[in-house]
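Subject: Structure handover: charged side chains

Hello,

Here is the structure for you to load. My notes on its charged side chains follow below.

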Amino acid sequence: MSDLAVNSKLEKVCQEAYKKLEQIYNDSFTPVKDKLAWCIGSYSYDKNPVGLYEVGAEALDALKSYKKEKPRLVSKKLIENLEKAIATREN
């Protein structure tokens with residue numbers, strides 16, 4: 001799979017994570033949500049996925065912690081997709 005296709009999947013799952021964070025009315029997630037929105041916009045402009053990987057990992061942590069509190073409000077699939085997308089990063 002090409003880098004562009006991998007990054008496109010990452011962008012899509014980050015957008016899904018952003019939407020979920022928007023639905024969760026928790027002020028503690030606002031910094032992550034704001035950074036994620038900025039990184040999604042930045043990626044659409046310059047196609048540099050670094051921010052998506054970094055902030056996507058922060059969003060993943062936030063969603064996982066929220067899922068522990070309220071398991072039915074965050075889908076397992078969203079978490080799995082975000083984990084897979086972040087794992088594609090070449091170190």
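The count comes to 5 salt bridges. Please keep in mind that this is a predicted model. Three of the pairs are described here, followed by a lysine with a polar contact.

**Glu58 and Lys35**

Glu58 forms a salt bridge with Lys35. The closest N and O atoms are 2.7 Å apart. This pair links distant parts of the chain. Glu58 sits in helix H3, which covers residues 50–69. Lys35 sits in helix H2, residues 30–46. The two are 23 residues apart. How accessible is Glu58? Its relative accessible area is 30%, so Glu58 counts as partly exposed. Lys35 is partly exposed as well, at 36%.

**Arg89 and Glu54**

Arg89 pairs with Glu54 in a salt bridge. Here the closest N and O atoms are 4.0 Å apart. The cut-off for a salt bridge is 4 Å. Where do the partners lie? Arg89 is in the segment after helix H4 (76–87), and Glu54 is in helix H3. The pair therefore ties together parts that are 35 residues apart in sequence. Arg89 has a relative accessible area of 32%, which makes it partly exposed. Glu54 is also partly exposed, with 44%.

**Glu80 and Lys76**

This salt bridge stays inside one helix: Glu80 and Lys76 both lie in H4. They are 4 residues apart, about one turn of the helix. The closest N and O atoms of the pair are 3.9 Å apart. Is each partner buried or exposed? Glu80 is partly exposed, at 32% relative accessible area. Lys76 reaches 57%, so it is exposed; the threshold for that class is over 50%.

**Lys33**

Lys33 is found in helix H2. Its relative accessible area is 16%. Buried means under 20%, so Lys33 falls in that class. What does the Lys33 side chain meet? A polar contact of 3.1 Å joins it to the side chain of Glu22. Setting aside neighbours within four places in sequence, Lys33 is in contact with Tyr18, Leu21 and Glu22. Glu22 thus appears both in the polar contact and in that contact list.

**Where to look**

For a quick check in your viewer, start with Glu58 and Lys35, which join helices H3 and H2. Then go to Arg89 and Glu54, the pair with Glu54 in helix H3. Glu80 and Lys76 can be viewed together in helix H4. Finish with Lys33 in helix H2.

Best regards

Terms used: Residues numbered from 1 in each chain as written. Predicted model: local features only at pLDDT ≥ 70, side-chain atom pairs only at ≥ 80, totals over all residues. Heavy atoms only, no water. Salt bridge = Lys/Arg side-chain N within 4 Å of Asp/Glu carboxyl O. Buried < 20%, exposed > 50% of the residue type's maximum accessible area, 1.4 Å probe, protein only. Polar contact = N/O pair within 3.5 Å; in protein donor to acceptor, adjacent residues only side chain to side chain. Contact = heavy atoms within 4.5 Å.
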